[in-house]
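Open the model in your viewer and keep the selection panel at hand. This tour goes from the ligand to the space around it, and then to a separate void.

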Amino acid sequence: MAIYCSLNGKITAQEKASLGVTDLAVLRGYGIFDYFLFKYGRPLLEEQYLQRFYNSAEKMGLNPPLNQKELSRNIHELIAANGQGNGAIRLVLTGGYTPDGYSPSEPNLIVLQHPYPAYPDAYFTEGVALISHNFQREWPEVKTINYLTGIKLLPEIRRAGALEVMYHNNGILRESVRSNVFLITEKEELVTPDSEILFGITRDSIIKATAGLLPVITRRVNMEEVFRAREVFITGTNKSAMPVVRIDGRPIGDGKVGHWSKTLKEKLEEYREAYYQSAEV
Ligand SMILES: Cc1ncc(COP(=O)(O)O)c(C=O)c1O
């Protein structure tokens with residue numbers, strides 16, 4: 001557990017840091033966030049994550065109290081203050097203290113440090129299950145703090161022995177609640193949806209790391225194709241590339257973790273490691 005967090009640019013003991021009760025994030029769930037890893041004290045793909053964060057802020061009409069350069073400096077200061085080489089950083093930008101219970105004002109900016117994510121090995125060696133649900137995220141390209149549907153469905157997800165819920169919009173695949181979805185088709189292509197999704201940074205890394213290994217196609221994908229796929233995997237900053245072997249109780253492919261899910265996860269890890277090794281401190 002990290003000792004320090006940052007609130008509006010000030011490094012503060014996390015135990016003492018607090019936000020007032022009239023923040024629009026509390027009253028109306030209005031805010032955005034982002035989340036990325038760091039290793040050897042170096043944030044992974046920092047520029048890409050920060051750009052997405054500032055784009056989300058702009059699209060939601062929120063003006064962060066720090067500019068991108070100042071925030072970057074603040075993140076590095078926080079990592080140094082906590083003194084851990086590896087971990088994860090969560091940025092949260094709220095609607096601010098609302099004068100009337102509804103209108104946004106000056107946003108509050110929170111930076112939290114979390115442990116480096118560690119899913120059980122079995123999730124990668126044996127794969128995970130998902131359930132599907134007909135749902136379209138509002139402002140899909142924005143990383144809002146709104147996870148109402150996914151959280152509401154947690155009991156159903158757990159009853160099914162699943163890890164997450166996969167969203168489709170009337171039969172058109174979108175994404176999973178906290179990850180993007182990839183298929184390996186019968187033609188041995190890597191396919192992933194191209195619209196009405198959050199454009200995951202890990203999705204982008206997988207596409208880059210796959211170059212030259214398989215044809216990569218971004219397009220509209222329907223749910224029948226998902227069930228017919230040879231392999232399915234999900235990608236997310238904290239999940240890397242995680243194989244999916246069952247959806248709604250139906251096996252995907254032969255119901256076992258496939259060759260490409262394993263190989264592309266390795267390629268993703270190599271891609272990330274190469275970044276860490278090359279990034280300037
Ligand atoms: C809705 C949604 N889609 C996709 C992703 C994966 O994005 P990334 O790879 O940038 O973590 C996330 C991550 O939290 C998400 O919330």
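A residue counts as near a molecule if one of its heavy atoms lies within 4 Å of it. Keep in mind that this is a predicted model.

**Stop 1: the ligand shell.** Select the ligand and expand by that cut-off. The selection should hold 16 residues around the ligand. Label K143, Y147, E175, T202 and T237, which are the closest. Now colour the shell by class. Seven of its residues are polar, five are charged and four are nonpolar.

**Stop 2: polar contacts.** Which part of I201 lies 2.8 Å from an oxygen atom of the ligand, backbone or side chain? Show the backbone there: the atom is a backbone N or O of I201. Go on to K143, where a polar side-chain atom lies 2.5 Å from a ligand oxygen. Then pick T237. An N or O atom in the T237 side chain is 2.5 Å from an oxygen atom of the ligand. Next, turn on the ligand surface. Taken alone, the ligand exposes 390 Å², and the protein buries 95% of that. Switch to cartoon to see which elements take part. α7 (201-210) and β13 (231-236) are the elements that give two or more residues to the shell around the ligand.

**Stop 3: the largest pocket.** Hide the ligand. The space it takes is the largest pocket. The volume of this pocket is about 680 Å³. Its lining has 33 residues, and F33, K143, Y147, V177 and R178 are the closest to its centre. K143 and Y147 are also among the closest residues to the ligand. Colour the lining by class to find 14 nonpolar, 10 polar and nine charged residues.

Now select by element. At least two lining residues come from each of β3 (31-39), β5 (87-94), α5 (148-152), α6 (154-159), β9 (172-176), α7 and β13. Which helix gives the largest share of the pocket lining? Select α6: it supplies three residues.

**Stop 4: the cavity.** Rolling a probe the size of a water molecule over the atoms shows where empty space is left. How many cavities of 30 Å³ or more does a search of the whole structure find? The search finds one. The largest cavity has a volume of about 30 Å³.

Select its lining: R230, E231, V232, P243, V244, V245, I252, K256, V257, G258 and S261. By class, six of these residues are nonpolar, three are charged and two are polar. β13 and β14 (240-247) each supply at least two lining residues. β14 has the largest share, with three residues. End on β13, which also gives residues to the ligand shell and to the pocket lining.

Definitions and conventions
Residues numbered from 1 in each chain as written. Predicted model: local features only at pLDDT ≥ 70, side-chain atom pairs only at ≥ 80, totals over all residues. Heavy atoms only, no water. Polar contact = N/O pair within 3.5 Å; in protein donor to acceptor, adjacent residues only side chain to side chain. Areas by Shrake-Rupley, 256 points an atom, 1.4 Å probe, with all protein chains shown as cover. 1 Å grid on protein atoms, 1.4 Å probe; cavity = no way out; pocket = protein on both sides within 12 Å on 5 of 7 lines; lining within 4 Å. Sits in = over half its atoms within 2 Å of the grid points. Helix = DSSP H or I, 4+ residues; strand = E, 2+ residues; numbered from the N terminus. Nonpolar A, V, L, I, M, F, W, Y, C, P; charged D, E, K, R; others polar. Points joined across faces, edges and corners; volume = space filled by probe spheres on them.
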